[in-house]
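Got your viewer open and a selection box ready? Let's take a walk through this one, stop by stop.

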Amino acid sequence: MRRRFGAPPFRRQPPGVGIAPALQHAHQLLEAGEYPAAALAFEQLAQGAELRQGPRAPFFFLQAGRARLYNQETNLALTHFRHGLELLERAGRRAQLQHAGRLVQEELSRHGLEAAASSLAIFFGSEPEPPPVFSSTTLPTHCPSCGGPLRPSELEWLDAQTAECPYCGSPLRAR
Ligand SMILES: [Zn+2]
């Protein structure tokens, strides 16, 4: 298999070192409103990560879904959202599944896609909303390493002070 980005291991490196430029670029494209290009970039990242069974694959699929949603490609967006949530479900990452799934539902509702939003509820069953485990004011809004948007509820918290970027795995210290 051709490894397009040849990404080295990400962990335990200073911010910005070893982060795939493709990931930083994908975040920039989405923020800049370049939705088709952002979608393609996140789709490539997602497929590569899934082949490696990497823990970031679900979040790349969710970003690809957002890019497709903003580009009015609803069916593709839903395919990506479902797949990202499925990967979280299969990995048993229940808290991330519920938090990420509810954020996706909110975005779909904002775009007038109520039925699609409701259809995602199959992923949560009858589980109650998980309680927040942190204060959202203590982290930067974007990862200093890869530039990805940080939604505190989606993060994996290593301890009360340290979370991990869902896109690049960089440790994030609460202030
Ligand atoms: Zn990051």
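A residue counts as buried here if 20 or more other C-beta atoms lie within 10 Å of its own, as exposed if 12 or fewer do, and as partly exposed in between. By that yardstick, 36% of the 175 residues in the protein are buried. Keep in mind that this is a predicted model.

**Stop 1: the whole chain.** Switch to cartoon and colour by secondary structure. You should find 6 helices and 3 strands, and reading along the sequence gives α-α-α-α-α-α-β-β-β. Of the contacts with a separation of 6 or more, 45% are between residues 24 or more positions apart.

**Stop 2: the loop between H2 and H3.** Select the stretch between helix H2 (35-51) and helix H3 (57-70), where Gln-53 sits. Check its backbone: phi is positive, about 55°, although Gln-53 is not a glycine. Is Gln-53 buried or exposed? Exposed, because just 9 other C-beta atoms lie within 10 Å. Pro-55 is in this loop too, and it counts as partly exposed because it has 17 other C-beta atoms within 10 Å. Now draw a distance from the C-alpha of Pro-55 to that of Gly-169: the two are 114 residues apart along the chain, yet separated by 9.0 Å.

**Stop 3: H3 against H4.** Show H3 and H4 together. Their axes are 8 Å apart and the packing angle is about 165°. Anything over 145 degrees counts as roughly antiparallel, so that is the label for this pair. H3 passes H4 in a left-handed crossing. Bring up side chains for the contact: on the H3 side, look for residues including Phe-59, Phe-61, Leu-62, Gly-65 and Arg-68, and on the H4 side for others including Leu-76, His-80, His-83, Gly-84 and Leu-87. Sorted by type, the residues of this contact come to 12 nonpolar, 5 polar and 1 charged.

**Stop 4: the loop between H3 and H4.** Select Gln-72, which lies in the loop between these two helices. Here is another positive phi on a residue that is not a glycine, this time about 65°. Gln-72 counts as exposed because it has 10 C-beta neighbours inside 10 Å.

**Stop 5: H4 itself.** Isolate residues 74-90, which make up H4. How far apart are its end C-alpha atoms? They are 24 Å apart, which agrees with the 24 Å that 17 residues should span at 1.5 Å a residue. Now colour the buried positions: Ala-77, Leu-78, His-80, Phe-81, Gly-84, Leu-85, Leu-87 and Leu-88. An α-helix has 3.6 residues a turn, so residues three or four places apart point the same way. Unhide the neighbours, and you'll see that what covers those buried residues includes H3, H5 and helix H6 (114-119). Step past the end of H4 to Gly-92, where phi is positive, near 70°.

**Stop 6: H4 against H5.** Add H5 (residues 94-110); its axis comes within 9 Å of the axis of H4, and the two cross at roughly 165°. H4 and H5 are therefore roughly antiparallel to each other, and H4 passes H5 in a left-handed crossing. From H4, select Phe-81, Leu-85, Leu-88 and Glu-89; they meet Gln-96, Leu-97, Ala-100, Gly-101 and Val-104 of H5. The residues of this contact divide into 6 nonpolar, 2 polar and 1 charged.

How values were computed
Residues are numbered from 1 along each chain as its sequence is written. This is a predicted model: local features need pLDDT of at least 70, side-chain atom pairs count only at pLDDT 80 or more; totals for chains, interfaces and linings use all residues. Axes are lines fitted to C-alpha atoms, for helices over the stretch in contact, and angles run from 0 to 180 degrees between N-to-C directions. Helices (H or I, at least four residues) and strands (E, at least two) are DSSP runs, numbered from the N terminus. Angles under 35 degrees count as roughly parallel, over 145 as roughly antiparallel, 65 to 115 as roughly perpendicular and the rest as oblique. A crossing is left-handed if the near helix is turned anticlockwise from the far one by less than a right angle, and right-handed if clockwise. Two residues are in contact if their C-beta atoms, placed from the backbone, lie within 7 Å. Ala, Val, Leu, Ile, Met, Phe, Trp, Tyr, Cys and Pro count as nonpolar, Asp, Glu, Lys and Arg as charged, and the others, Gly among them, as polar. The expected span of a helix is 1.5 Å times one less than its number of residues.
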